[in-house]
Amino acid sequence: MAGTDLAQLLLKHSVTVVLLLCMLRLLHRASASRRVFATRCGLVALLLLPLFWLWLPQLPMRMPLALSALLDPPLRIPVSVTTAALPDIEAAVAAPARAAWLGRWLLAAYAVGVACHLLRLALNLARLR
């Protein structure tokens, strides 16, 4: 995940939390069950947001050049860099593969956590009925 993607994900989470807090503020005179339901809907939205990442609209974000150079490095090596300072090809190719492997494991762990929380929520709602 590129740095701007992470910034967009954090922005979307923040917007979701602000909308949830505004909705709870509007429901301050409503019954407790309605406020709990709204809070649970917001929690489910926060948990499912990374899973719906591809279907949500992309936000155009402009970042300062110094920050964007750190988050999204350029694809071409500048001419001023000598090739003697570059790592060998095997290490350069293995690093993205390791990062992709780690990203897949982190996404799987996140999905398992979301599934556990949704299952617990469903069981508690069934028990509450």
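Surface patches here are built from residues with over 30% relative accessible area and no salt bridge, joining like charges within 9 Å and nonpolar side chains (Val, Leu, Ile, Met, Phe, Trp, Tyr) within 5 Å. A salt bridge, in turn, is a side-chain nitrogen of Lys or Arg within 4 Å of a carboxyl oxygen of Asp or Glu. With that in hand, Leu51, Phe52, Trp55 and Leu107 make a nonpolar surface patch of about 460 Å²; areas come from the Shrake-Rupley method with a 1.4 Å probe, and for residues only the protein chains shown count as cover.

This is a predicted model, where local features need pLDDT of at least 70, side-chain atom pairs count only at pLDDT 80 or more, and totals for chains, interfaces and linings use all residues. Residues are numbered from 1 along each chain as its sequence is written, and side-chain values use heavy atoms, leaving out hydrogens and water.

On to the fold. The protein chain has four helices and zero strands (DSSP runs, H or I of at least four residues and E of at least two, numbered from the N terminus). Of its contacts (heavy atoms within 4.5 Å) between residues at least 6 apart in sequence, 74% join residues at least 24 apart.

Take α2 (32–48), which is followed by a loop leading to α3 (65–71), and that loop is where Phe52 lies. The 17 residues of α2 should span 24 Å (1.5 Å times one less than the number of residues), and the end C-alpha atoms of α2 are indeed 24 Å apart. Ala38, Gly42, Leu46 and Leu47 are buried in α2, buried being under 20% relative accessible area, exposed over 50% and partly exposed in between (1.4 Å probe, protein chains only).

Buried residues make up 13% of the 129 in the protein chain. Its accessible surface is about 10600 Å², with 73% belonging to carbon and sulfur atoms.

Some partly exposed residues:

| Residue | Relative accessible area |
|---|---|
| Phe52 | 41% |
| Cys22 | 43% |
| Cys116 | 48% |

As for disulfides (cysteine sulfur pairs within 2.5 Å), the structure holds zero.
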